[in-house]
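Visitor: I am new to this structure and would like a close look at a single part of it. Could you take me through one of its sheets, strand by strand, and then through what lies around that part?

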Amino acid sequence: MSNSLVEETKRIVAQFDYTDDDLNKGVLEFLRQMNEGLQKDGTSLSQIPTYVTGVPNGTEKGLYMAVDLGGTNFRVCSVHLNGDTTFNLTYSKVAIPKELMVAKTSKELFGFLAKQIELFLKTHHEEHFEAYVRRRRNSKVAEGYEDENIFRLGFTFSFPVQQFGINKGSLIRWTKGFDIPDTIGKDVCALLQDEIDLLHLPVKVAALVNDTVGTLMARSYTAPGKTATLIGAIFGTGTNGAYVERISNLQKTVDGQYDKSTGEMVINTEWGSFDNQLNVLPNTPYDAKLDKDSVNPGIQIFEKRVSGMFLGEIVRLAVVDLYENPNVSLFKGVNSSTHGKKSTTRVGDDSGLFKQWGLDSSLMSIAAADSTPELSGLRQELDSQLNIHSTSVEDARAFKEIAYAVGRRAARLSAVALAGIVIQSGRLKETKDELVDIGADGSLVEHYPFFRDMIHEAFKSIKDIGAEGAERIRIGIARDGSGVGAALIALVAAGMEKKEIEDEIATLKIDAAQKLADAIPSTGKSAALT
């Protein structure tokens, strides 16, 4: 690289340096905002109670269902839990007709969803379905089936809802191209259950599921060893985390019923909005411009520095700044890097480099993975993805260094959120050698080279974790939170429902025994039972 390009690249890279001191300040602020969110509503970290009060340990067995309405597709799954941390998954997926995304009534959409569940049962569980139909025809009871023959279903509904029970939640607003005003304020689980009942299907909507909570459940079931998973985290297009919290720390009012016997509840942090106030988060000129030009300025500030949706745009803005610097020759002029022949580097007029969101975050992964002296893989992708022709090695290296700096900062910021929860849990102090398990899903942890390694490196520099604590934190991949995870939450919900019934029966027995005792006359007296 020429001296000016080297110096200016260093100047930009330095702006993304997230120091050990920054890390520790970030963790303290995350802990403060976590606890603020446990005490009241309307805070940066929403800390939403999920009503899920237990996590699986891998020994659970049974057949459960899950459905996932997360965008333009609807997925129906059945999950057979084998009881040995393994499972068998069967699923079907169908596109939502565009006219149903803007239907006049909820019934049109939810009727379609229920019909897909019926088709799935007929296709993949025909024997169970037909046996149920026969029982229903032959039964003298109105419903015509026994409770154990019902599929418990977890409903992953990836739209903003106000939850007020493990299987109750009203829609706050539609997103992702859906617009059915009739649904706003209604319980989406009840809407789906009504349509299921009209088709007389042996299915009960047992749980309303957030996909991050599902990630936690899926990891907890499949994780090796006896350690219960503490956190489920998404580091992909977006970012979020859910974790197991002590109910005693949950000070704000939680409407509805839930099982208090475990002493724990899964909390959905919604950490994408951590530190919207910018108390401690870094704010380079590139971050500020990205936020200003986004559809939601001032919101989801943490997510805009961590998730795959935004990282490519931060890199693009930084690279454009370098490109437009009159003292620097980036992606311009003659170079001799093509087989020793001279060629002219040129940026195409329609290059994504000059368009908002024009640089996909996947290019950062390619840059990080290319360790060849000539950076040939990266240069090829700069040509094919960004229409930057005949890039020199020096130019590619400048791009690689900026992309790495943005990616490393994202990993270290991710460590802030994870470390805050680990410290809050107290698990590192409760035992000397037990692992703290974290389940993670998303393109960054799966495909960005060394992303998890950079998180672990950051853990070592955090005061209440240190090198020893970092060795005990295990980050494992958890896949399919919206499918397997949702089915597991249906399992937990079924267990909670069974416990409620058992508690109710026990209470009735105690009441009956008390009435009987009160009715037995003392010597010489008479009494009548009422």
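Guide: What follows is a walk through one open sheet and the helices beside it, and then a turn to another strand. Please keep in mind that this is a predicted model.

The sheet is open and made of six strands, which follow one another in the order S1-S11-S10-S9-S16-S17, with mixed pairing. At its edges stand strand S1 (48–49) and strand S17 (473–477), and because each of these has a single partner strand, one side of each is left without a neighbour in the sheet. Further in, strand S9, which covers residues 229–235, runs parallel to strand S16, residues 436–441, and the two are joined by five bridges. Within this pair, Ala233 is found opposite Ala440 of S16.

A helix also lies across these strands: helix H7, residues 211–222, crosses S9, strand S10 (239–246), strand S11 (264–268), S16 and S17, and its direction makes an angle of about 130 degrees with S9.

Another helix to look at here is H16, residues 451–460, whose buried residues are Phe451, Met454, Ile455, Ala458 and Phe459. Viewed down the axis of H16, these buried residues fall within an arc of 150 degrees, and they therefore line one face of the helix. Among the elements that cover them are two strands of the open sheet, S9 and S17, together with helix H2 (20–39), helix H13 (393–425), helix H15 (443–447) and helix H17 (466–471).

For another strand, turn to S5, residues 151–157, which is mostly covered, with seven of its seven residues buried. In a regular strand the side chains alternate between the two faces of the sheet. In S5, Phe151, Leu153, Phe155 and Phe157 point one way, while Arg152, Gly154 and Thr156 point the other way, and all of them are buried. Strand S2, residues 61–69, pairs with S5 in the parallel sense over five bridges, and there Val67 has Phe155 as its bridge partner. S5 also pairs in the parallel sense with strand S8, residues 203–209, over six bridges, and in that pairing Arg152 stands opposite Lys204.

Lastly, a word on cysteines: with a disulfide taken as a pair of cysteine sulfur atoms within 2.5 Å, the count in this model comes to zero. Cys77 counts as buried, at 1% relative accessibility, and Cys189 is buried with a relative accessible area of 3%.

Definitions and conventions. Residues are numbered from 1 along each chain as its sequence is written. This is a predicted model: local features need pLDDT of at least 70, side-chain atom pairs count only at pLDDT 80 or more; totals for chains, interfaces and linings use all residues. Side-chain values use heavy atoms; hydrogens and water are left out. Two strands pair if DSSP finds at least two bridges between them. Helices (H or I, at least four residues) and strands (E, at least two) are DSSP runs, numbered from the N terminus. Contact means heavy atoms within 4.5 Å. Axes are lines fitted to C-alpha atoms, for helices over the stretch in contact, and angles run from 0 to 180 degrees between N-to-C directions. Buried means under 20% relative accessible area, exposed over 50%, partly exposed in between (1.4 Å probe, protein chains only). The arc is that of the directions from the helix axis to the C-beta atoms.
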